[in-house]
Amino acid sequence: MIDELYSARILGLAANLPHSGRLAAPDGTGERIAKLCGSKAIVDVTLDEAGRIASFAQDVKACALGQAAAGVLGEAVIGASLGDLTEARDAMAAMLKVGGDGPAGRFEGLRALKQVADYPARHASTMVAIEAALDAVRQAMTRRSPDTRTSLAGAA
């Protein structure tokens with residue numbers, strides 16, 4: 001059963017971590033740590049005028065499942081809004097906890113991690129990168145002027 005969890009697809013995603021590293025001058029930074037296993041993700045973002053992710057970098061120290069989720073995130077995150085990330089996070093959590101279908105659209109690749117639902121101890125590791133990305137975007141948005149934040153909230 002555990003061999004199915006660490007499939008060739010998961011290991012391939014884990015080995016390919018797009019946008020690895022840190023940004024020199026991010027608009028926002030988010031960091032999440034999975035308490036149970038110590039998996040950690042630090043995400044930097046810059047936003048465009050519409051509040052969408054213009055540049056992204058991630059420093060992820062996690063098991064293969066956390067790395068695989070970060071790999072999918074890195075492939076699809078450029079151009080994503082706060083709303084896109086929130087929907088993906090919520091769909092991912094539902095997939096892991098209550099048998100939901102998983103994210104659709106740009107983050108549909110996260111469905112490759114559906115089997116993680118059977119391993120609750122691995123859920124937090126699988127979520128660290130997307131949670132850190134959400135934190136980074138929120139931080140970037142709060143650093144903008146109040147007028148910009150108000151208009152961006154509608155875009156989410």
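Leaving aside neighbours within four places in sequence, V137 touches V45, L47, I53, L82 and L85 in this predicted model. V137 belongs to helix α5. With a relative accessibility of 1%, V137 counts as buried, because buried means under 20% relative accessible area. V137 also stands 8.1 Å from D27, C-alpha to C-alpha, although 110 residues separate V137 and D27 in sequence.

The setting of that residue can be built up from the whole chain. The protein has six helices and three strands, and along the sequence they follow the pattern α-α-β-β-β-α-α-α-α. Of the 156 residues, 46% are buried. Among contacts with a separation of 6 or more, 61% join residues 24 or more positions apart. The protein exposes about 7,200 Å², and carbon and sulfur atoms supply 52% of that area.

The three strands form an open sheet in the order β1-β2-β3, with antiparallel pairing. β1, residues 28-33, and β3, residues 53-61, are the edge strands; each has a single partner, so one side of each has no neighbour in the sheet. From one strand to the next, the twist averages 15 degrees. Strands of a sheet pair through backbone hydrogen bonds, in either a parallel or an antiparallel sense. Here β1 and β2, the latter covering residues 40-47, pair in the antiparallel sense over six bridges. In this part of the sheet, I33 is opposite K40 of β2.

Helix α5, residues 123-143, lies across β1, β2 and β3. The helix runs at about 150 degrees to β1. This is the helix that holds V137, whose contacts include V45, L47 and I53.

Helix α3 covers residues 64-76. From the first C-alpha to the last, its 13 residues reach 19 Å, close to the 18 Å expected at 1.5 Å a residue. How much of α3 is buried? Eleven of its 13 residues are, so α3 is largely enclosed by the rest of the structure. These buried residues are L65, G66, Q67, A68, A69, A70, G71, V72, L73, G74 and A76.

Q67 serves as an example from α3. Its relative accessible area is 14%, so Q67 is buried under the cut-off of 20%. Apart from neighbours within four places in sequence, Q67 is in contact with L13, A14, L17, V60, K61 and A62.

Helix α4 takes up residues 82-98. Its 17 residues should span 24 Å at 1.5 Å a residue, and the end C-alpha atoms are 23 Å apart, which agrees. At the N-terminal end, S81 acts as a cap: one of its side-chain oxygens lies 3.3 Å from the backbone nitrogen of G83. Just after the helix, G99 takes a positive phi of about 80 degrees.

Which residues of α4 are buried? They are L82, G83, L85, A88, R89, M92, M95 and L96. The buried residues of α4 pack against β3, α3 and α5. Two residues of this set, L82 and L85, are in contact with V137, which returns the account to helix α5.

Notes:
Residues are numbered from 1 along each chain as its sequence is written. This is a predicted model: local features need pLDDT of at least 70, side-chain atom pairs count only at pLDDT 80 or more; totals for chains, interfaces and linings use all residues. Side-chain values use heavy atoms; hydrogens and water are left out. Two strands pair if DSSP finds at least two bridges between them. Helices (H or I, at least four residues) and strands (E, at least two) are DSSP runs, numbered from the N terminus. Axes are lines fitted to C-alpha atoms, for helices over the stretch in contact, and angles run from 0 to 180 degrees between N-to-C directions. Contact means heavy atoms within 4.5 Å. The expected span of a helix is 1.5 Å times one less than its number of residues. Buried means under 20% relative accessible area, exposed over 50%, partly exposed in between (1.4 Å probe, protein chains only). Accessible areas come from the Shrake-Rupley method with a 1.4 Å probe; for residues, only the protein chains shown count as cover. A polar contact is a pair of N or O atoms within 3.5 Å; within protein, one must be able to donate a hydrogen and the other to accept it, and residues adjacent in sequence count only if both atoms are side-chain atoms.
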